[in-house]
Amino acid sequence: MSRSSSGIVAGLTAAAIAAIGFLGYQAHATAPAHPAKAAEKAPAAPQQQAPAQQDAAKPAALPAESGAGQRVVYSVSQKRVWLVAEDGKAPKTFTVVPSTVQPAPGSYLVNSRAGTVTGSDGVPIEHVVRFASSTEGIAIGFSARVDGALPQPDPAKKTGGIRMSRADGDAMWAFALYNSKVVVVQ
């Protein structure tokens with residue numbers, strides 16, 4: 001009987017170690033990329049246009065009509081996002097590259113998230129935070145390209161990916177959890 005019990009224990013131990021290894025691999029595969037320094041980023045190719053840089057001494061003001069409480073605020077006209085926490089600290093803000101399909105102004109909830117997938121434009125993306133769908137059924141959300149590029153989207157394609165830098169994608173991923181509020185303003 002003890003010989004049989006030790007075989008079962010060994011089998012269960014091996015299965016547990018395999019499961020832990022698999023979960024560790026999944027966690028590693030979806031972990032955020034943390035560049036050591038901004039200066040180490042590869043320069044953008046000429047056809048890739050990054051969003052305009054905001055003067056750090058003069059951060060963009062949070063739109064007045066953006067609501068209250070903890071939320072993500074996306075201004076379509078300013079091509080900018082604010083991550084507003086309830087702790088009263090100044091919100092993190094950054095520029096984005098809008099998609100070709102824009103969400104209507106209003107309040108939404110994050111309805112799905114994905115670590116790393118292929119975007120509707122065919123490129124690998126990470127930290128996908130979806131919050132809306134267009135009337136044509138196109139999913140709309142925030143994401144970062146794995147290669148770090150920020151080109152303007154092809155106007156001939158209907159896409160809903162609002163793109164940001166990988167570092168800003170990391171911040172969005174950590175902040176905008178499932179059912180988090182997203183407010184879209186003009």
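**View 1. Strand 2 is mostly covered, with five of its five residues buried.** Keep in mind that everything shown here is a predicted model. Which residues sit on each side of strand 2? Arg80, Trp82 and Val84 are on one side, Val81 and Leu83 are on the other, and all of them are buried, so both faces of the strand are covered. This split fits a general pattern: in a regular strand, the side chains alternate between the two faces of the sheet.

**View 2. Strand 1 and strand 2 make a hairpin.** Strand 1 covers residues 71-75 and strand 2 covers residues 80-84, and the two pair in the antiparallel sense over five bridges. To trace the pairing, look for Val73, whose bridge partner in strand 2 is Trp82. Then find Tyr74, which stands opposite Val81. Four residues lie between the two strands, and in that turn Lys79 has a positive phi of about 55°.

**View 3. On to the pairing of strand 2 with strand 3.** These two also run in the antiparallel sense, joined by four bridges. Where does Val81 find its bridge partner in strand 3? The partner is Phe94. So Val81 is a handy landmark: Tyr74 of strand 1 stands opposite Val81, and Phe94 of strand 3 is a bridge partner of Val81.

**View 4. Zoom out a little and you get an open sheet of five strands.** Their order is 3-2-1-9-4, and the pairing is mixed. Which strands are at the edges? They are strand 3 (92-95) and strand 4 (106-109), each of which pairs on one side only. From one strand to the next, the twist averages 20°.

**View 5. Here is another open sheet, this one with four strands.** The order is simply 5-6-7-8, again with mixed pairing. Strand 5 (112-118) and strand 8 (161-164) are the edge strands, each pairing on one side only. The twist averages 30° from one strand to the next. Strand 5 and strand 6 (residues 124-133) run antiparallel and are joined by six bridges. For one spot to look at, try Ala114, whose bridge partner in strand 6 is Val128.

**View 6. Helix 2 lies across strand 5, strand 6, strand 7 (139-145) and strand 8.** The helix runs at about 50° to strand 6. Why call helix 2 largely enclosed by the rest of the structure? Because seven of its 10 residues (166-175) are buried. Those buried residues are Asp168, Gly169, Asp170, Ala171, Met172, Trp173 and Phe175.

**View 7. Arg163 takes its place in strand 8.** Is Arg163 buried or exposed? Its relative accessible area is 9%, and buried means under 20%, so Arg163 counts as buried. Leaving out residues up to four places away in sequence, Arg163 touches Val96, Val97, Gly119, Asp121, Val123, Ile125, Ser143, Arg145 and Leu150.

**View 8. Finally, the whole chain, with two helices and nine strands.** Along the sequence, the pattern reads α-β-β-β-β-β-β-β-β-α-β. Of the 186 residues, 35% count as buried. The protein chain exposes about 10800 Å², and carbon and sulfur atoms supply 59% of that. Among contacts with a separation of 6 or more, 53% come from residues 24 or more positions apart.

Conventions
Residues numbered from 1 in each chain as written. Predicted model: local features only at pLDDT ≥ 70, side-chain atom pairs only at ≥ 80, totals over all residues. Heavy atoms only, no water. Buried < 20%, exposed > 50% of the residue type's maximum accessible area, 1.4 Å probe, protein only. Pairing = 2+ DSSP bridges. Axes fitted to C-alpha atoms, helices over the stretch in contact; angles between N-to-C directions. Contact = heavy atoms within 4.5 Å. Areas by Shrake-Rupley, 256 points an atom, 1.4 Å probe, with all protein chains shown as cover.
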